[in-house]
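Subject: Structure for your review

Dear colleague,

Please find below the structure that I am handing over to you, together with its sequence. My notes on what was found in it follow underneath.

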Amino acid sequence: MPAWVVKLGLSMAKALVGDDALKKLAGFFTAVILLLLALVLSLPVLVAQIPLVTAERIGSFFNAANQVAETTKTRDDPDGIAIPWDEVAAAWAVLHDQDFSGVSEATARELARQWHERHERVEVHSDGQGHTWTETHVWYTLRTFSEVMSRLGFTGEQKDQARRYLQAFREGGIKPPPGWTARPAMGWAWPLPGYDTAAAVSSGYGLRVHPVTHVPEVHQGLDIAASEGTVVEAAREGTVQETGNDHNLGRYVVIQGGGYETRYGHLSAVTVKTGEKVKEGQPIGRVGNTGLSTGPHLHFEIRFIGHYQNPLQYFL
Ligand SMILES: [Zn+2]
């Protein structure tokens, strides 16, 4: 664009709205650009920390770790040691650059063996009459995650990455950082007004150990803790596709619109009907403790064209 066009445009704009308003406008656009930049920069960081693994494959790590642990039971140590499946899975994620296609119980077992160290002590006994015999004592000890990673030849950067995966497994999916407050992207509303801080998100999206079944799984939504009866609002506009009562999800609502599907579970009450059109921010039900749940909370899911999304992506 030639400079004179810009000049003319600026002087016209000044004439129309004045210098002050123009500064405000420039400030506004700077803010928008900074916000977009922050979004673009923070999204890959958030996404890179989500291990891309299915519940079934995670089950292989879980079973393999238990199988290896079983082999550490000896006469001298009948309890054996426990092998942390989540460390094995985190190491795999780094070793194979998050390609979990080769995971089976056999391959996971092979890796899991790195966690135990075999010890043997031979005792020579004598009955004092020239009769000697030996007794072999065998027991296993657990290597620390650091020790295993060093044995696997991890670089410092790989160790950090593995620890991030591990943290995600242990903390129940990817939780927002402390100090985070839900800032809805355009077209979105946080489904639980008043419960929009990091502290309210009790379980994030991603791998976790199920709080009731204690089996590892991929948690496909966010859990937001709130008191029973708190009003739940639609996070995005659409049509109520389904309501019902499910063994896991309890009372739930599914809303579809514009390629998006939002799901709300463990409700105590559903206040919309199938086929009803709703806007974002419109009440659809109340927080409850129905289904497989350990306390009043909302299970909130977002799918886009059938694919699960980390809901945090829409509330950075
Ligand atoms: Zn949940």
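How are α3 and α4 oriented to each other: roughly parallel or roughly perpendicular? Before I answer, please note that this is a predicted model. Helix α3 spans residues 85–95, and helix α4 covers residues 105–112. Their axes lie 10 Å apart and meet at an angle of about 100 degrees. Angles of 65 to 115 degrees count as roughly perpendicular, and α3 and α4 are therefore roughly perpendicular to each other. On the α3 side the contact is formed by V88, A91 and W92, and on the α4 side by A108, L111 and A112.

The chain as a whole

The chain has 316 residues, of which 32% are buried. It contains 6 helices and 14 strands. Among contacts with a sequence separation of 6 or more, 64% join residues that are 24 or more positions apart.

Helix α3 and the nonpolar core

Helix α3 deserves a closer look. Of its 11 residues, 10 are buried, so this helix is largely enclosed by the rest of the structure. The buried residues are W85, D86, E87, V88, A89, A90, A91, W92, A93 and V94. The list thus includes the charged-type names D86 and E87 as well as alanines such as A89 and A90. After the helix comes D97, with a positive phi near 50 degrees.

The largest nonpolar core has 61 residues, and the members that touch the most others are A65 and V88. Helix α3 supplies the largest share of this core, namely 8 residues. Both domain 2 (55–169) and domain 3 (175–314) contribute at least three residues to this core.

Which residues does V88 contact beyond its neighbours within four places in sequence? They are F61, A64, A65, I83, A108, L111, A112 and W115. Of these, A108, L111 and A112 also belong to the α4 side of the helix contact.

Strand pairing around β13

Strand β13 (residues 297–304) pairs with β6 in the antiparallel sense over 4 bridges. Strand β13 is also mostly covered, with 6 of its 8 residues buried. Three pairings of β13 can be followed in the model, beginning with the one to β6.

- β6 and β13: the bridge partner of I224 in β13 is L298.
- β10 and β13: these strands are antiparallel and share 6 bridges, and Y264 stands opposite F300.
- β13 and β14: these strands are antiparallel and share 3 bridges, and R303 has Y308 as its bridge partner in β14.

Strand β6 (residues 222–225) also pairs with β3 (residues 201–203), again antiparallel, through 2 bridges. In that pairing V201 is bridged to I224. I224 therefore has a bridge partner in each of two strands that pair with β6, V201 in β3 and L298 in β13.

Positive phi values

Most residues other than glycine have a negative phi. Two exceptions are described here, beginning with H266, whose phi is positive at about 65 degrees although this residue is not a glycine. H266 lies in strand β10 (residues 260–270). Is H266 buried or exposed? With 27 other C-beta atoms within 10 Å, H266 is buried.

I305 also has a positive phi, near 45 degrees, and is likewise a residue other than glycine. I305 is found in the loop between β13 and β14 (307–309). The hairpin formed by these two strands has 2 residues between them. I305 has 8 C-beta neighbours inside 10 Å and so counts as exposed.

A buried arginine

Finally, I draw your attention to R208, which is found in strand β4 (residues 206–209). R208 is buried, having 22 other C-beta atoms within 10 Å, where 20 or more is the cut-off for that term. R208 and F169 are separated by 39 residues in sequence, yet their C-alpha atoms are 4.8 Å apart.

Yours sincerely

Technical notes:
Residues are numbered from 1 along each chain as its sequence is written. This is a predicted model: local features need pLDDT of at least 70, side-chain atom pairs count only at pLDDT 80 or more; totals for chains, interfaces and linings use all residues. A nonpolar core is a set of buried Ala, Val, Leu, Ile, Met, Phe, Trp, Tyr and Cys residues joined through C-beta atoms within 7 Å. A residue is buried if 20 or more other C-beta atoms lie within 10 Å of its own, exposed if 12 or fewer, and partly exposed in between; C-beta atoms are placed from the backbone. Domain bounds come from an automatic or database domain assignment. Two residues are in contact if their C-beta atoms, placed from the backbone, lie within 7 Å. Axes are lines fitted to C-alpha atoms, for helices over the stretch in contact, and angles run from 0 to 180 degrees between N-to-C directions. Angles under 35 degrees count as roughly parallel, over 145 as roughly antiparallel, 65 to 115 as roughly perpendicular and the rest as oblique.
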